[in-house]
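Colleague: I'm new to reading protein models and would love a guided tour. Could you start with a warm-up and then take a close look at a single part?

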Amino acid sequence: MLLLALVLLAAGWELYKLVAPDDGVRLGESLILPRSDDASMPHLARIAEVFGEQEVAGVEGGGTVLASVLAAVWYSLRLAAAGFAVGVAVGFLLALAMQRLRVLERALLPYVVLSQTVPLIALAPLVYGWSGNLSLFGLDWQPWMSVSVIAAYLAFFPVAIGALRGLSSPPPVQTELLAACAASWSQTLVRLRLPASVGYVIPALKLAAASAIVGAIVAEISIGLSGGIGRLIISYAQQATGDPARIYAPILGAAAMGVVAVGLVALLGLALRRYQFQEAA
Amino acid sequence: MSAPRPPAVALEGVGKRFGTGATAVDALTRIDLTVAAGEFVALIGPSGCGKSTLLRIVGDLIAPTDGAVRVNGKSARQARLDQDYGIAFQSAGLLEWRTVQGNVELPLALHGLGRAKRRAQARELLELVGLGDFGAHRPSQLSGGMQQRVAIARALARRPALLLMDEPFGALDEMTRERMQSELIRICAETSAAVVFVTHSIPEAVFLSQRVVVMSPRPGRITQVVDVPLGARDEDTREADQFYATITDVREALRGRAREASP
């Protein structure tokens, strides 16, 4: 299914290039369909070719574009993963606290939602600036940590919301039953709330994984950190006049990161499928 | 009954008020009721008469505003902590991620019983409710009636002296319902547990219990207690004249007219 969608997407791209005029379609002054010339939409074969080219033309022994993209993907993926881990932990702890104390839910939830309306590109330099001279336990703050913080900032949100819903999902019948069995809060958590939350948390983790990656890439660009896919996108975009197909290499790399991340979460979901059930009638 | 056992439930002047000030609602006022050890008592009344609230007060799931609650001679809270009662609700509320056996084992696991003992006891309980072959099934693979039987087995897991049941058969079809009632009579005879049984159904209340407590709403209170002069129950009981006469008594009581002595 996934493969079929990919093929259809590719066919659509090539078909559009074939059918649409090079200059796009205009209605009066405004362009209503995008241009389809080779500079705007290179052939897929051309994009594939790019991966095999030398990154710096004419330099023998230099790495290929593919090697650079892979290295950048690996770098950014690790930053995103660190951010994801922190975000998931924070999100889950917040959800636990809010579930335990209704007062906290009323106090915190609006801010949790509000936190996501702050524009990311404004936030990234701020985090970078604040943490510039930070030193934790003799460990100096590294610029990549700022990137991970931004990734965590995006990742915690779906987890907090999803986990809160999941932890609160058991119906009164079940919570009263556990109370009737004299179960403590932690027993209720382990035996009832956590298992019941899995069906809500797995989709939230998928969102969080995707968000962490977007956050990491945007933060790399915003902070100007090199080594990751964000920087590569900028640097290849600057070469677009010479080689318009090149920019698509890191973009596809970024998309591949998303696939890997969401795929890993899907595997986790598969391992926990016992807990993901259809609501009993 | 050799040694005198404390009553399973003793309520004195119990009241429950929800909310405060002008919007406060009296869910229950001045409830006095004693349920002897091993006795089967049904609570019946229209919606909003507080019968489910009363059941939850006995189970210490909500606290009363006034009055004293004793369960098994202890405070309601202590009785809950000692798992002196088992409880079953209208919906079975089984945990979908556990097997049928796992669901019955849950109260035992919470009590810290070892795995082997848990297994053996749960198997016995499933036999008792006629589901011996279904231990490894998932709850979703069972019919509504079977799920409810699992819930009853779970309520019985700690061998409680008291069973609290909140319309446990309310969602079942009439045929399944009658079969479950007969099962419950048998199970109670085998475990000699006292039962407080909340229901909407007059025949169900009469068939199952030794006394029917009739309640009325606004504010929730006990208006009458009808004794059920039926002996050991079997399927013929459902056709007996005395059965119908008692049903009439309860119906009259629900309408607020006390009949004189039954014929």
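What percentage of the 281 residues of chain A count as buried? After that, please walk me slowly through strand β7 (residues 162–166) of chain B and its surroundings.

Modeller: Happy to! Keep in mind that this is a predicted model. In chain A, 35% of the 281 residues count as buried. Hold on to that word "buried", and let's go to your strand in chain B.

β7(B) belongs to an open sheet of 6 strands, and the order across that sheet is β6-β7-β8-β3-β9-β10 (chain B). Find β7(B) in that order, and you will see β6(B) on one side and β8(B) on the other. The pairing in the sheet as a whole is mixed. At the two edges sit β6 (85–88) and β10 (221–227) of chain B, each of which pairs on one side only. From one strand to the next, the sheet twists by 15° on average.

Now for the two neighbours. β6(B) and β7(B) run parallel and are joined by 4 bridges. To find this pairing on your screen, look for Tyr85(B), which stands opposite Leu162(B) in β7(B). Gly86(B) also has a bridge partner in β7(B), namely Leu163(B). On the other side, β7(B) runs parallel to β8(B), with 5 bridges between them. Leu163(B) turns up here as well, as it stands opposite Val195(B) in β8(B).

Here is where "buried" comes back. Because 5 of the 5 residues of β7(B) are buried, the strand is largely enclosed by the rest of the structure. A general point helps with the next step: in a regular strand, the side chains alternate between the two faces of the sheet. In β7(B), Leu162(B), Leu164(B) and Asp166(B) lie on one side, while Leu163(B) and Met165(B) lie on the other. These five residues are all buried, and both faces of the strand are covered.

What packs on this sheet? Helix α1 (residues 51–58) of chain B does, and it touches β7(B) itself along with β3 (40–44), β8 (194–199) and β9 (211–216) of chain B. The direction of α1(B) makes about 150° with that of β8(B). Helix α8 (residues 241–255) of chain B packs on the sheet too, touching β3, β9 and β10 of chain B. The direction of α8(B) makes about 165° with that of β10(B).

Elsewhere in chain B there is a helix pair to visit. The axes of α3 (residues 100–110) and α5 (residues 144–155) of chain B come within 8 Å and cross at roughly 30°. That angle is why α3(B) counts as roughly parallel to α5(B). The crossing of this pair is right-handed. On the α3(B) side, the residues that meet α5(B) are Val100(B), Asn103(B), Val104(B), Leu106(B) and Pro107(B). Their counterparts in α5(B) are Val150(B), Ala153(B) and Arg154(B). Sorted by class, this contact has 6 nonpolar, 1 polar and 1 charged residues.

α3(B) also leads us to the other chain. Between the chains, 17 residues of chain B are in contact with 17 residues of chain A. Both α2 (76–81) and α3 of chain B supply at least two residues of the side that touches chain A. α3(B) gives the largest share of that side, 3 residues. Overall, the side of chain B that touches chain A has 10 nonpolar, 5 polar and 2 charged residues.

Let's finish back in chain A, where your warm-up began. Its secondary structure comes to 10 helices and 4 strands. One of its helix pairs is α3 (residues 65–100) and α4 (residues 102–115), which pack at an angle of about 145° with their axes 8 Å apart. Their crossing is left-handed. Leu94(A), Ala97(A) and Met98(A) in α3(A) meet five residues of α4(A): Leu104(A), Glu105(A), Leu108(A), Leu109(A) and Val112(A). By class, that contact holds 7 nonpolar residues, no polar ones and 1 charged one.

Terms used: Residues numbered from 1 in each chain as written. Chains lettered and ligands numbered in written order. Predicted model: local features only at pLDDT ≥ 70, side-chain atom pairs only at ≥ 80, totals over all residues. Axes fitted to C-alpha atoms, helices over the stretch in contact; angles between N-to-C directions. Parallel < 35°, antiparallel > 145°, perpendicular 65-115°, else oblique. Left-handed = near helix turned anticlockwise from the far one by under 90°. Contact = placed C-beta atoms within 7 Å. Nonpolar A, V, L, I, M, F, W, Y, C, P; charged D, E, K, R; others polar. Buried ≥ 20, exposed ≤ 12 C-beta atoms within 10 Å, placed from the backbone. Pairing = 2+ DSSP bridges.
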